[in-house]
Amino acid sequence: MNWTDHLPALLLAVPLLGAFVTPLVSLGGKMLRNTLLVVTTFVTLVIAFLLWKDVLVSGTAVYVMGEKVFNLTMPSGMKLPVRIILEADAFSAFMALCGAIASFAGALFSLNYMEGFSGMKRYVSLYCLLTVGMLGMTITGDLFNFFVFIEIASIASFGLIAFWRDKAEAVEASFKYTLVSQVASMVLLLAFGALYGKYNALNIAAIGSLLKFGFMEKIVLVFIVASLACKCGAFPMHMWLPDSYAEAPSGVSCLLVAVSQASLYGLVRVCFSLYGVTMGASFIPWVVILLGLASMFFGVTMAVVQHDIKRLMGYHSVSQVGYMLLGFGVGMLVLSDAKGMADYGFAAIQGGVFHMFNYTMYKALLFLAAGSLYYTTGKRDLNDMGGLARKMPYTTFMFVIAAAAIAGLPPFNGFVSKLLIYESSFAVHPSLAAIALISSVLTLASFVKVFQTAFLGPEQNAFLSVREVPSGMLAGMGVLTVVILAVSLFPSITMSYFVEPASKALVDQAGYIGAIMGGGM
Amino acid sequence: MWGVVHTGFGSWDALAWILFFGIAAFFLLWFRSLGRSDYKKGTDQDEIFWSSNVVPEDGAHISVPADAAYWGFRKGMEPFYKGLVGMHTGLAPDIVGWYVVVVAIMSVLILIV
Amino acid sequence: MKPLSLIVRTGCNLFAWFMLVFGVNVVVHGYASPGGGFQGGAIVATFIAFLLVSYGGEKIHSWVNEKIYDLILEETGLLLFITLAFMGLPTSFFYNFFTIPWEAYQQTGRLFPQGTTAIMSIAVGIEVAGALSMVILSMFKGIRLVSDRQIEEEPGHDR
Amino acid sequence: MIGNAPFFVVGLLFLWGLMAIFTQKNLIKIAMAITILGSSVNMFLVALGYRTGGRVPIHFLEGDGGPMVLPTPQAMTLTAIVIALATTALILSLIMLIYRHYGTINVDEVRRLRG
């Protein structure tokens, strides 16, 4: 028995343990609590990395909770798996790694950022729980557990968004998010229950092997797609997103980005692995593409007119999610068409997967940089800022890198994933690529505005005493900057080790099902 | 090479771009070094020129606020922005309403198509 | 604050203790019968709600130290739960490592407490009892005791 | 037909909860609507757990007849109830905070974040 077999369970168990021991450890003082937060998230990151490496070498990792043998999915005489099963293929492990990096960076940032606030033991506890929810969503192999983890993440994030309960706006944002998130979750649970009623199973692989596309499955698919699109902030359902991203403490906004990516992961997993080719090649792919186009265009046009820095970035999140939806939608469109898949479909999926990673990294960094501005100046309104580049050189440097990456300026990683999406969506219809390009230009325009008003310009008397942020915050941003630069400089290594295995695992429905059902498809 | 990504239509080489930026930076610094360094420090040649007015002490008075950026763009797109900003009412039931409307439309359409 | 009628207060005071006993009963038999950790814990938490009804918030808050619920009960439950989960680890996470074999049941016809399942049920019961009592106490405090006070600004915002 | 009665009730409750979110202005009533929504989904799960000819999945209450019904929907419902409880507690706390900050629980007046 090799201990690396237990990595999927440990990935969830370690942050859970961290969340549970926090009240006890907090008795020992502030230093001990901060150490706990950093150590927990760092160990999680290491486990996520090892899991990803393990999956890359030895194929899909399956873990059955509480079974005599850790990967015995179907005990004797069972036709369908009944236990709680974790399944980590290359795509799940990729997403878990991506989320763990964001979680670690946010934790480092929070140490200095959140000092001086009361109730920090709750913050640490909820932060670990939010990490558990986000990681659980990415590696679970079971629909109901997906729901449980999405709810763990939601409830933890309601608490964290309203963490500054002395600010009325934070409470309001949290209330709005609670309302829409609960309605979406209930619809999601309704859909999962309907699937259980028909197929007597909750495991994604087990249902996927039995699924026939009928009346009920159509409705269920719509419910799942719409709910998860709402959770990751696609256009007409995005209004909670700028509110809650803007009002949450910045370390949390950074992790919320990863949580929304986990929701997107769920959407993609359901479409590719649960439904797969049975989904048909017309309606749902076009819905996803249209949601993507609407999100990217309207999100960015709303962002151009904002003057609250975090709210502006929240609208950019809507816009960036649109790119991924576009990429995955184009991939779904040609799922049953081998020639189209080889021509441009696979490139689109690669673009979507790569953009998920890039987006998490640079948007997390942007939120952290906005948090640094709030930390030093106490303001979020861009009208009141200016001339901060001389005072905060490191923050400025990292902000410029993140802004260039999100705008898709050529040497940076955002460009590579956007290039893949442009070229593949151009093959479907040129207008898709045109809208994507216009959105990209507007993204650049709005970040030029942020950079010009906040960092450039003459020094202002109000900010004479402003200094560079403390080292903990710089370290949090530094982690993400290093990742962005590494991915930018070595795109082909990233593509062949990170993105390509993940995209292959995503497309390979039979492989995902076979890992659980024993190849009996 | 480890900087090249093939997209299926073409390729993207990060190193070539970095090389290009290096060359561009070289030329840029070279042209900059051709400039005159014999200006008189501490005189009017060193001052900010602000439409022949006295430059204010506080930088806040001469910096461009964020609201002023892209004023023409917003003015030109006014009808569009009126509708779009009007959509974001900020009421909690409206947010749920958009979700319900999307689910309803999708459910009806998927049964028709 | 106007108290409720005498009948309600006396009745609640009397039944609170029965609810406590009943809740514990539900928790410890949770491994095989309807009920279990969460339900029993929720019943145990009604104890504090009944006491609030019969004695009023100020008295209860002067009697009860919230740390009992917050630290002792919740932490015991949570740590017991996750320790049991980790103890199954050489085999698998959550593995039921001292289960009583099925053959024993077939010989005697009696269902024994099934190893870690029963203890986890008790752990969950302790945790839920602590957490729900905490929720009731702090929400009552929020409504009744500090409603006239404004929320003070956190010191961390101004630097 | 009568076997489908629980599902009609589920549908009615769900629509009722959804309507209440849009028609009610009181935040407490909206919180109640969310709870009704959750209850209807729980009822849906319980209603579809039974399979014809199965037995009660409780050890000492089992009757005669076929195999035990798999108690997964019951487990799901319990989990969903726990989650709904946590959410209800949280949403009520948020409403308390909103009342203190805004001095109202009318949903139309809680709209500082817009545009």
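Of the five pairs of chains that touch, chains A and B share the most contacts, a contact being two residues whose C-beta atoms, placed from the backbone, lie within 7 Å. Keep in mind that this is a predicted model: local features need pLDDT of at least 70, side-chain atom pairs count only at pLDDT 80 or more, and totals for chains, interfaces and linings use all residues. Residues are numbered from 1 along each chain as its sequence is written, while chains are lettered from A and ligands numbered from 1 in the order in which they are written.

**Where the chains meet**

- On the A–B side of things, 40 residues of chain B are in contact with 55 residues of chain A.
- Strand E1 (4-6), H1, helix H3 (78-87) and helix H4 (92-112) of chain B each put at least two residues into the side that touches chain A; helices (H or I, at least four residues) and strands (E, at least two) are DSSP runs, numbered from the N terminus.
- H4(B) gives the largest share of that side, with twelve residues.
- By class, the side of chain B that touches chain A has 30 nonpolar, seven polar and three charged residues. Here Ala, Val, Leu, Ile, Met, Phe, Trp, Tyr, Cys and Pro count as nonpolar, Asp, Glu, Lys and Arg as charged, and the others, Gly among them, as polar.
- Over at chain C, ten residues are in contact with nine residues of chain D.
- Helix H6 (residues 116-145) of chain C brings the largest share of the side of chain C that touches chain D, four residues.
- That side of chain C splits into eight nonpolar, two polar and no charged residues.
- Chains B and C do not touch, and their nearest C-alpha atoms are 21 Å apart.

**Chain C at a glance**

- Chain C has six helices and zero strands, so to speak α-α-α-α-α-α from the N terminus on.
- Of its 159 residues, 32% count as buried. The cut-offs: a residue is buried if 20 or more other C-beta atoms lie within 10 Å of its own, exposed if 12 or fewer, and partly exposed in between, with C-beta atoms placed from the backbone.
- Take the contacts in chain C between residues at least 6 apart in sequence, and 68% of them join residues at least 24 apart.

**Two positive phi values outside glycine**

- Most residues other than glycine have a negative phi.
- Tyr70(B) goes the other way, with a positive phi of about 55°. Tyr70(B) sits in the loop between helix H1 (14-33) and helix H2 (71-76) of chain B, and counts as partly exposed because it has 18 C-beta neighbours inside 10 Å.
- Phe94(C) also has a positive phi, of about 70°. Its place is the loop between helix H4 (66-87) and helix H5 (102-108) of chain C, and with 23 C-beta neighbours inside 10 Å, Phe94(C) counts as buried.

**Helix H14 of chain A**

- Helix H14 (residues 393-407) has 15 residues and should span 21 Å at 1.5 Å a residue; its end C-alpha atoms are 21 Å apart, so the two agree. The expected span is 1.5 Å times one less than the number of residues.
- H14(A) is mostly covered, with eleven of its 15 residues buried, including Met398(A), Phe399(A), Ile401(A) and Ile406(A).
- Those buried residues pack against H12, helix H13 (338-377), H15, helix H16 (430-455) and helix H17 (471-489) of chain A.
- Right after H14(A) comes Gly408(A), whose phi is positive, near 75°.

**H12 against H15 in chain A**

- The axes of helix H12 (residues 309-333) and helix H15 (residues 413-428) of chain A come within 10 Å and cross at roughly 45°. Axes are lines fitted to C-alpha atoms, for helices over the stretch in contact, and angles run from 0 to 180 degrees between N-to-C directions.
- That makes H12(A) oblique to H15(A): angles under 35 degrees count as roughly parallel, over 145 as roughly antiparallel, 65 to 115 as roughly perpendicular and the rest as oblique.
- Residues of H12(A) including Tyr323(A) and Leu326(A) meet residues of H15(A) including Lys418(A) and Ile421(A).
- The contact divides into six nonpolar, three polar and one charged.

**Thr41 of chain A**

- Thr41(A) is found in helix H2 (residues 30-58) of chain A and, with 27 C-beta neighbours inside 10 Å, counts as buried.
- Beyond its neighbours within four places in sequence, Thr41(A) is in contact with Ser103(A), Phe104(A), Ala107(A) and Thr131(A).
- Tyr127(A) is 86 residues away along the chain, with its C-alpha atom 9.6 Å from that of Thr41(A).
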